[in-house]
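Dear colleague,

Please find below the structure that I am handing over to you. After it I set out what was found, beginning with confidence and ending with the surface.

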Amino acid sequence: MSSPSRRSSSPESNIDGGSGSGSGSAGDERKRKRMLSNRESARRSRARKQQRMEELIAEASRLQAENARVEAQIGAYTTELTKVDGENAVLRARHGELAGRLQALGGVLEIFQVAGAPVDIPEIPDPLLRPWQSPFAPQLATAGGVPDAFQF
């Protein structure tokens, strides 16, 4: 896009005016000042562009580091999720097994009640209803004041 009539844009070649005509010196001075102003404006524009580029590079680096940190955290959460899923599957299987055993025991209990046998069912404390209380607290209190952890 350069035209053949374009002259050298170095400051040394245009400061003197070059043509020597008296009537155009005011116009040449304005042209020279405009060229210098344009050069300075272009220099500032390049400096702003360079600064913006450096800021974008720094931001890209920061975002890459944050992305790596988040990916590592996701990996840790995925590992933990896999572990908890496995434990959950074990607990579901155990629940199914215990539910079946409870149902079978319920059937045996019904047979005893139908036969007229006296059935005394002791109260079994449910530790899930009161998680702040130890299910072993009543046993420790009845051991004569001194708890014996090895007493059966």
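What is the mean pLDDT of the chain, and what share of its residues reach 70 or more? The model is a predicted one. Its mean pLDDT is 78, and 65% of the residues reach 70 or more. Over residues 1-8 the pLDDT is below 50, and that stretch has 3 contacts in the model beyond near neighbours in sequence. Residues 10-20 also have pLDDT under 50, and for them the model has 11 contacts beyond four places in sequence. Where pLDDT is low, the predicted coordinates should not be read in detail.

Overall architecture

The chain contains 3 helices and 0 strands, and its pattern along the sequence is α-α-α. Among the elements, helix 1 (residues 11-15) has the lowest mean pLDDT, at 46, whereas helix 2 has the highest, at 94. Helix 2 covers residues 25-114, and a loop lies between it and helix 3 (137-141).

How does the span of helix 2 agree with its number of residues? At 1.5 Å a residue, its 90 residues should span 134 Å. The end C-alpha atoms of helix 2 are 127 Å apart, which agrees with that expectation. Just after helix 2, Gly 116 takes a positive phi of about 90°.

As to burial, 1% of the 152 residues of the chain count as buried. The accessible surface of the chain comes to about 13,900 Å², and 59% of that area belongs to carbon and sulfur atoms.

Salt bridges

Side chains of opposite charge can pair when their charged atoms come close. The count of salt bridges in this model comes to 6. Three of the pairs are described here, beginning with Glu 29.

Glu 29 forms a salt bridge with Arg 32, and the closest N and O atoms of the pair are 2.6 Å apart. Both residues lie in helix 2, 3 residues apart, which is about one turn of the helix. Glu 29 is partly exposed, with a relative accessible area of 32%.

Further along the sequence, Glu 40 forms a salt bridge with Arg 44, with 3.9 Å between the closest N and O atoms. Because Glu 40 and Arg 44 are 4 residues apart in helix 2, about one helical turn separates them. Glu 40 counts as partly exposed at 31% relative accessibility, and Arg 44 is partly exposed as well, with a relative accessible area of 41%. This pair belongs to a wider arrangement: Glu 40, Arg 43 and Arg 44 are linked in a network of salt bridges.

Which side chain does Glu 55 meet in a salt bridge? The partner is Arg 52, at 3.8 Å from N to O. Glu 55 and Arg 52 are 3 residues apart in helix 2, so about one helical turn lies between them. Glu 55 counts as partly exposed, at 40% relative accessibility, and Arg 52 is partly exposed, with a relative accessible area of 46%.

A nonpolar surface patch

Which residues make the nonpolar surface patch of about 340 Å²? Val 108, Phe 112, Val 119 and Ile 121 do so. Of these, Val 119 has its place in the loop between helix 2 and helix 3. Patches are made of residues with over 30% relative accessible area. Val 119 is partly exposed, with a relative accessible area of 34%, and therefore passes that cut-off.

In closing, two points may be kept in mind when the model is opened. Helix 2 has the highest mean pLDDT among the elements, and the pLDDT stays under 50 over residues 10-20.

With kind regards

Conventions:
Residues are numbered from 1 along each chain as its sequence is written. This is a predicted model: local features need pLDDT of at least 70, side-chain atom pairs count only at pLDDT 80 or more; totals for chains, interfaces and linings use all residues. Side-chain values use heavy atoms; hydrogens and water are left out. Patches are made of residues with over 30% relative accessible area and no salt bridge: like charges are joined within 9 Å, nonpolar side chains (Val, Leu, Ile, Met, Phe, Trp, Tyr) within 5 Å. Accessible areas come from the Shrake-Rupley method with a 1.4 Å probe; for residues, only the protein chains shown count as cover. A salt bridge is a side-chain nitrogen of Lys or Arg within 4 Å of a carboxyl oxygen of Asp or Glu. Buried means under 20% relative accessible area, exposed over 50%, partly exposed in between (1.4 Å probe, protein chains only). pLDDT is the predictor's confidence in each residue, from 0 to 100. Contact means heavy atoms within 4.5 Å. The expected span of a helix is 1.5 Å times one less than its number of residues.
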